[in-house]
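I opened a fresh notebook page for this one. Come along, and I will jot down each thing as I look it up.

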Amino acid sequence: MDGNMGEDVLSEILVRLPHKSLARFQCVSTTWRGLIAADYLRRRLPLITSGVLFHDAPRDGGGGIRQAYTYACASSPSSSSGETGGVAEADDMGFFPRHGTSSIIDGCNGLLLYYASSPQQTFHVVSPTTRRWAALPAPSKKTLLSVLSFDPCASPHYKVVCFTGWLPRGASVDVFDSERGAWREHEELDFGIDTDAMSATMHCFGGAVHVLAYSGHVVRIDLGTMVCAVTALPAPVSYRARAGHCRGRLRYASSDSSRLRFWELVDAGKSEWALKHELGIGDLVPGDASGSSMQATTAPTFLFMAFHPDREVVYLWTPGKFVAFNMEQRRVEEERVFGSAKEGAQLIQIWLFPFSRHLASCLA
């Protein structure tokens with residue numbers, strides 16, 4: 001087949017396939033593997049949109065309701081396809097044998113972190129795309145909070161950061177590096193601010209974890225050097241605030257009762273930020289141009305979820321679906337029902353990332 005079909009034609013076929021098929025088709029031949037791994041094809045593929053939903057579910061064996069987390073994934077429609085919506089259904093995680101006895105506690109760019117506390121604490125990193133998983137060695141200490149860091153554009157390797165104890169202005173931390181295959185202990189990580197001010201809102205990018213702090217700061221933890229840097233934020237931190245990256249620059253989304261504001265970091269050393277965009281309910285709901293005529297009891301709720309990694313597009317959650325809003329064109333360019341099978345589900349995390357050879361080969 002490779003001898004009868006030119007690479008241009010084959011690329012046109014491959015770019016229309018689901019990302020899970022691309023991951024499998026790398027095994028067909030060296031030609032296919034090279035095309036799928038090439039930057040040219042990656043740039044043409046739509047972003048993969050994935051998220052974790054929180055919902056109520058029946059307990060195993062009956063007898064009440066338990067709180068559960070579900071992973072849902074879908075490719076974003078390409079700009080040339082004319083699609084503006086669709087459904088992102090929950091993935092069937094039955095291929096992972098510990099799915100029923102473990103819980104999803106974090107995720108990052110296509111990987112999930114599962115945790116089980118008994119009979120001993122156990123971590124697994126799972127790829128729903130390739131349907132592969134890996135068990136981590138048992139950490140030496142009990143973990144209080146765990147974070148998964150993975151950049152499929154840079155490397156097939158990932159890190160798991162476990163906070164094992166709190167200090168007045170820092171923490172003891174264990175870090176698992178998949179490239180080394182081992183944990184490394186860090187007894188006194190210095191946050192640079194009081195630990196009580198730190199929130200659980202985190203964002204991983206470029207080999208670092210960015211943590212929002214209620215004192216009005218963002219703390220950048222470099223996972224290579226385990227050194228923290230503190231930058232003052234331009235607006236207060238609330239439970240709706242989020243950090244993210246767009247075009248390689250750190251951004252901060254703040255919210256009050258009526259508007260979302262999006263800031264970009266200009267100079268970390270000087271804590272200098274630039275206001276990039278503002279968004280009100282009137283921009284999202286037709287017929288409410290003022291943004292104030294709706295009653296609070298009837299106005300829909302829009303929560304900021306993520307920045308597009310390369311474009312001036314933000315992703316918002318409103319019950320039952322998420323919305324992509326183009327800030328330059330001031331229009332909704334995509335609406336997608338997310339996890340429609342889970343009534344009352346709440347989207348709590350979302351990632352948008354490209355298919356890459358690193359994503360396909362991770363956990364191999």
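**Entry 1: a loop to start from.** I began at Arg-247, which sits in the loop between strand S16 (242-246) and strand S17 (249-255). I should say at once that I am reading a predicted model. The backbone of Arg-247 caught my eye, since its phi is near 55 degrees, a positive value in a residue other than glycine. Is Arg-247 buried or exposed? I looked it up and found a relative accessible area of 46%, so Arg-247 counts as partly exposed. Its side chain has company too: Arg-247, Arg-251, Glu-264 and Glu-312 are linked in a network of salt bridges.

**Entry 2: another positive phi.** Next I went to Arg-330, which is not a glycine and has a positive phi of about 55 degrees. I placed Arg-330 in the loop between strand S22 (321-326) and strand S23 (331-338). Its relative accessibility is 35%, and Arg-330 therefore counts as partly exposed.

**Entry 3: a cis bond.** Which peptide bond did I note as cis? I noted the one from Ser-118 to Pro-119, with omega near 5 degrees. Pro-119 belongs to the loop between strand S5 (111-116) and strand S6 (122-127).

**Entry 4: stepping back.** I then wanted the whole chain in view. I found six helices and 24 strands in its secondary structure. The chain has 364 residues, of which 48% count as buried. I also checked contacts between residues at least 6 apart in sequence, and 45% of these join residues at least 24 apart.

**Entry 5: how far to trust it.** I looked up the confidence next. The mean pLDDT of the chain is 83, and 77% of its residues reach 70 or more. Over residues 78-84 the pLDDT is below 50, and I found five contacts for this stretch beyond near neighbours in sequence. Residues 288-297 also have a pLDDT below 50, with ten contacts in the model beyond near neighbours in sequence. My reminder to myself: where pLDDT is low, the predicted coordinates should not be read in detail.

**Entry 6: an open sheet.** In what order do the four strands of the open sheet stand? I read the order as S12-S13-S14-S15, with antiparallel pairing. Strand S12 (198-205) and strand S15 (228-232) are at the edges with a single partner strand each, so one side of each has no neighbour in the sheet. On average, neighbouring strands of this sheet are turned by 25 degrees against each other, direction ignored. I zoomed in on strand S13 (residues 208-213) and strand S14 (residues 217-222), which run antiparallel and are joined by six bridges. There I saw Leu-212 standing opposite Val-218 in S14. A background note for the margin: strands of a sheet pair through backbone hydrogen bonds, either parallel or antiparallel.

**Entry 7: salt bridges.** How many salt bridges are there? My count came to 13 salt bridges. I looked up Lys-141 and Glu-185, whose closest N and O atoms are 4.0 Å apart in their salt bridge. Lys-141 lies in the loop between strand S7 (132-135) and strand S8 (145-150) and Glu-185 in strand S11 (residues 182-190), so this pair ties together parts 44 residues apart in sequence. Both ends are partly exposed: Lys-141 has a relative accessible area of 26%, and Glu-185 has 42%.

**Entry 8: Arg-261 and its partners.** I then followed Arg-261, which forms a salt bridge with Asp-256, the closest N and O atoms being 2.9 Å apart. The side chain of Arg-261 also meets that of Glu-278 in a salt bridge, at 3.3 Å from N to O. Because Arg-261 lies in strand S18 (residues 259-267) and Glu-278 in strand S19 (residues 272-280), the pair ties together parts that are 17 residues apart in sequence. I checked accessibility here as well. Arg-261 is partly exposed at 24%, Asp-256 is partly exposed at 33%, and Glu-278 is partly exposed at 28%.

**Entry 9: aromatic rings.** My last search took in the whole structure and found 14 aromatic pairs. Which residues do ring pairs link into a cluster? I wrote down Tyr-115, Phe-123, Tyr-158, Phe-176 and Trp-183.

Notes. Residues numbered from 1 in each chain as written. Predicted model: local features only at pLDDT ≥ 70, side-chain atom pairs only at ≥ 80, totals over all residues. Heavy atoms only, no water. Phe/Tyr/Trp six-rings, centres within 6.5 Å; stacked < 30°, edge-to-face > 60°. Pairing = 2+ DSSP bridges. Helix = DSSP H or I, 4+ residues; strand = E, 2+ residues; numbered from the N terminus. Axes fitted to C-alpha atoms, helices over the stretch in contact; angles between N-to-C directions. Buried < 20%, exposed > 50% of the residue type's maximum accessible area, 1.4 Å probe, protein only. pLDDT = per-residue confidence, 0-100. Contact = heavy atoms within 4.5 Å.
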